[in-house]
Amino acid sequence: MTRRLAEPARQTGVRTEPGEQERKRKRMKPTRARIASMGCYVPERILTNADLEKMVDTSDEWIRSRTGIRERRLVPPGTPTSEIATLAARQALERAHVSASEVDLIIVATITPDMIFPATACLLQQKLQATHAWGFDVSAACSGFVYALTVGAQFVVSGAHKKVLVIGADVMSAITDYTDRATCILFGDGAGAALLEPSDDDTGILDWYAEVDGAAAQLIKMPAGGSAMPPTHETIDKKLHHIRQDGGPVFKYATRKMAEAPKLLLERNGLGVSDLDLFVAHQANARIIDAAVERLGIAPERAIKNIDRYGNTTAATIPLALGTALDERRLKKGDLVMLAAVGAGMTVGTTLLRWSFDPS
Ligand SMILES: CC(C)(COP(=O)(O)OP(=O)(O)OC[C@H]1O[C@@H](n2cnc3c(N)ncnc32)[C@H](O)[C@@H]1OP(=O)(O)O)[C@@H](O)C(=O)NCCC(=O)NCCS
């Protein structure tokens, strides 16, 4: 009886009842989703600290000592987020030998969508020619990729989808005020993509933990352009379509949460910091990462840092950091990895996963 139910109805001639089909679907549900491949893209143009010295009252020494950033990458003006997201997504698909038409769902994490609507995921679907995919955007700022990964994994674990593209991409140069020395030194442009598939071994996403704190929503934001403050000449003159942040409180919030949230996630899985092979934190400021590493008590060499090269690319930092870990051969199949991000909202996102493939 069990065998007959497991066989496709068209071969046996047995019509399965709706209840049987549901049971069959549940039996086939994967226990977890895994990242099957990654793709990364950063633009060629480099904006160095020396370049910024010519634009605002700052110095290479100040930027390096306060943030750890040496340079960041910028797209040519007018380049939309969907363009760099497409390049990262294509690389992830090519590396997995998966064609775009096989993709079921596209989730784009971004705070710099091409337009407020339609969603960048729709534009990406067209650019990739992912003809069978649906999709949507996730707005969680620097936690965006981790949130999108969590959402995407649910569709794989439910058995609904087999191939989900999760992309973190931001063209921060489009919303950065290059006359404001407190913000323009921090941000860069970039994109990273992960292809999620059902896991057939003990690797994949093990657990996640997320928080939002709307009471801290004013700490970092783009004030105008939404329904609360539609665009006017005045909003443009006052530069309200750019990032505004209260750097000090954001710094303290991020430092605290970047350690607290991973600890909580480890504890509820019966694991300790010493079990972690790699800590992949959002790259906002090297000092935030260093402080989180110290508070967590993880060995510094287990933390990925590439902020010196790319600055803060918002939703792209975590996939770009995973890309760096793979390039530097610091990540291999079976490694226990913690992703941790804090961003505007305030949003906090963490993912605990057992890595699923070796670097090529
Ligand atoms: C923005 C940030 C780098 C500022 O560093 P900081 O050590 O907190 O510096 P402060 O804001 O206290 O400013 C100290 C002084 O440096 C000055 N300063 C700010 N930016 C400067 C720059 N680029 N160059 C030189 N001086 C600068 C300030 O005007 C201030 O001068 P003052 O003492 O005369 O008023 C830091 O707060 C930060 O990284 N915050 C988190 C930002 C973030 O992560 N945002 C993304 C969300 S995840």
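**Exercise 1. Place β1 in its sheet.**
Find the partner of β1, the sense of the pairing and the number of bridges.

*Solution.* Start with the pair. β1 and strand β7 (residues 189–198) are antiparallel and share eight bridges. Pairing requires that DSSP finds at least two bridges between two strands. Helices (H or I, at least four residues) and strands (E, at least two) are DSSP runs, numbered from the N terminus. Take one bridge as a check: Ser37 has Leu195 in β7 as its bridge partner.

The model is predicted: local features need pLDDT of at least 70, side-chain atom pairs count only at pLDDT 80 or more, and totals for chains, interfaces and linings use all residues. Residues are numbered from 1 along each chain as its sequence is written, and side-chain values use heavy atoms, with hydrogens and water left out.

Now widen the view. The sheet is open, has five strands and mixed pairing, and follows the order β1-β7-β6-β4-β5. β1 (33–41) and β5 are the edge strands, each with a single partner, so one side of each lacks a neighbour in the sheet. On average, neighbouring strands are turned by 20° against each other, direction ignored.

**Exercise 2. Describe β4.**
Which way do the residues of β4 point, and are they buried or exposed?

*Solution.* Recall the rule: in a regular strand, side chains alternate between the two faces of the sheet. Leu105, Ile107 and Ala109 point one way from β4. Ile106 and Val108 point the other way. All are buried. Here buried means under 20% relative accessible area, exposed over 50%, and partly exposed in between (1.4 Å probe, protein chains only). The count agrees: five of the five residues in β4 are buried.

Next, the partner. β4 runs parallel to β5, and five bridges join them. Ile107 stands opposite Phe136 in β5.

**Exercise 3. Find the helices on the sheet.**
Which strands does α7 touch, and which does α14 lie across?

*Solution.* α7 packs on the sheet and touches β4, β5 and β6 (164–171). The direction of α7 makes about 125° with that of β4. α14 lies across β1, β6 and β7, and runs at about 90° to β1. Touching is contact, meaning heavy atoms within 4.5 Å. Axes are lines fitted to C-alpha atoms, for helices over the stretch in contact, and angles run from 0 to 180 degrees between N-to-C directions.

**Exercise 4. Characterise the packing of α6 and α7.**
Give the axis distance, the angle and the residues in contact.

*Solution.* Two packed helices are described by the angle between their axes and the distance between the axes. The axes of α6 (residues 81–96) and α7 come within 9 Å and cross at roughly 55°. The two helices are therefore oblique to each other. The classes are: under 35 degrees roughly parallel, over 145 roughly antiparallel, 65 to 115 roughly perpendicular, and the rest oblique.

List the contacts. α6 brings Ser82, Glu83, Ala85, Thr86, Ala89 and Arg90. α7 brings Thr120, Leu123, Leu124, Lys127 and Leu128. By class, this contact holds five nonpolar, three polar and three charged residues. Ala, Val, Leu, Ile, Met, Phe, Trp, Tyr, Cys and Pro count as nonpolar, Asp, Glu, Lys and Arg as charged, and the others, Gly among them, as polar.

**Exercise 5. Check the backbone in the loops.**
Where are the cis peptide bonds, and what are the phi values of Ala141 and Arg329?

*Solution.* Phe117 and Pro118 are joined by a cis peptide bond with omega about 0°. Pro118 sits in the loop between β4 (105–109) and α7 (120–128). Another cis peptide bond joins Gly345 and Met346, with omega about -15°. Met346 belongs to the loop between β12 (336–343) and β13 (347–354).

Turn to phi. Ala141 has a phi near 50°, positive though the residue is not a glycine. Ala141 lies in the loop between β5 (134–138) and α8 (144–157), and is buried at 8% relative accessible area. Arg329 has a positive phi of about 55°. Arg329 lies in the loop between α14 (317–327) and β12, and is exposed at 56%.

**Exercise 6. Trace the contacts of Glu211.**
Which residues does Glu211 contact, leaving aside its neighbours within four places in sequence?

*Solution.* Glu211 is in strand β8 (residues 204–212). At 22% relative accessibility, Glu211 is partly exposed. The contacts are Tyr147, Lys257, Met346, Thr347 and Val348. The C-alpha atoms of Glu211 and Thr350 are 9.2 Å apart, with their positions 139 residues apart along the chain.
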